[in-house]
Amino acid sequence: MTETRGSSDRAMRARYGAPPPSPTGSWNSTLDLLLRHRSVRSYLNDPLPTGSLQSLIAAAQSAATSSNLQTWSVVAVMDNELKSRLAAVAAGQKHIMECPLFLVWLADLSRNEQLADQRGISLEALPYLETFLVASIDAALAAQNAVIAAESLGFSTVYIGALRNNPTEVADILNLPSRSFAVFGLCVGYANPDALPDVKPRLPQKAVLSHNQYDNAVETEIFEGYDQTMAAFSARNETMRTTWKDRVFSRMSKVSQLAGRDRLRDALAQLGFELR
Ligand SMILES: Cc1cc2nc3c(=O)[nH]c(=O)nc-3n(C[C@H](O)[C@H](O)[C@H](O)COP(=O)(O)O)c2cc1C
């Protein structure tokens, strides 16, 4: 019991970079694993054990899926030439080349459409934004299950949203069918132990959790405190010391920061998503 309380306090302190919220509730090894998550951007050359991919995909397929439609797919990329072309789309992120397994998660309506075509049925719901959103949510839930499974097996991961810089190029590289879209990639591999980042602290729970109705009166001091926590984190783990707010503003105040993703609607139209 004392050991459990000790682990939960340690994990909570790391997750918030501050004293844990009280009271701390029940605790177990799953919570411990979840709170230890960190994205890793430097990998060893070592391959994953045989069967790892199948375990990760079984975990992914165990996620809830809207109406059991299963409107997602994943492409496991291990070929260096293909990885280097995908890395070029993603602004040259080197971890894509380093990791032994790069998973590309798709919102995929093509399979269900093909089955309907074979039956001679038209799927009227297909062109709607709702159906695209369902497929994207399905893909994200599946991927996150794979992340947790990977971390439980001692692997590390990092999502690569930068594949959306050029979705039609990704479709071309991976030979994707119409009505499928690469929502993001995921590097999987063994972390380089010399470049393992700390757990990145999150906003205090008060900033994200309301009770019964949305809390519009979150005190601004919360964000000042978090800025200090994140400035210290970035000084320890990154090349430049930045606060969280500075990062939010620099990411969101200029369209150029979207790095091509401002044209996503056009790209989706080309890939067969009308988004009515
Ligand atoms: C959908 C999604 C896309 C992301 N894309 C990238 C990316 O292209 N490159 C990268 O280095 N990290 C990427 N990340 C990782 C985030 O930067 C990271 O999760 C965040 O900074 C919090 O850090 P942590 O995961 O270590 O807690 C992405 C994360 C998500 C959820």
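**Figure 1. Exposed and buried residues of helix α3 in the predicted model.** Gln54 and Gln61 are exposed on one side of α3. Turned the other way are the buried residues Ser52, Leu56, Ile57, Ala59 and Ala60 of this helix, which spans residues 52-61. Viewed down the α3 axis, these buried residues fall within an arc of 155 degrees, so they line one face. Their cover includes strands β1 (72-77), β2 (101-108) and β4 (180-189), along with helix α7 (129-152).

**Figure 2. Ser156 and its contacts.** Ser156 lies in strand β3, residues 156-160. Its relative accessibility is 12%, so Ser156 counts as buried. Leaving aside residues up to four places away in sequence, Ser156 touches Val40, Tyr43, Cys187, Val188, Gly189 and Ala191.

**Figure 3. The aromatic pair Phe132 and Phe181.** The whole structure holds 8 aromatic pairs. In this one, the rings are tilted, with 5.7 Å centre to centre and 45 degrees between the planes. The pair links distant parts of the chain: Phe132 sits in helix α7 and Phe181 in strand β4, 49 residues apart. Both Phe132 and Phe181 are buried. With Phe273, Phe132 and Phe181 form one aromatic cluster.

**Figure 4. The edge-to-face pair Phe155 and Tyr190.** The ring centres of Phe155 and Tyr190 are 5.4 Å apart, and the planes meet at 90 degrees. Phe155 belongs to the loop between α7 and β3, and Tyr190 to the loop between β4 and α9 (205-208), so the pair ties together parts 35 residues apart in sequence. Phe155 is buried, with a relative accessible area of 4%. Tyr190 is partly exposed, at 25%.

Terms used. Residues numbered from 1 in each chain as written. Predicted model: local features only at pLDDT ≥ 70, side-chain atom pairs only at ≥ 80, totals over all residues. Heavy atoms only, no water. Helix = DSSP H or I, 4+ residues; strand = E, 2+ residues; numbered from the N terminus. Buried < 20%, exposed > 50% of the residue type's maximum accessible area, 1.4 Å probe, protein only. Contact = heavy atoms within 4.5 Å. Arc of directions from axis to C-beta. Phe/Tyr/Trp six-rings, centres within 6.5 Å; stacked < 30°, edge-to-face > 60°.
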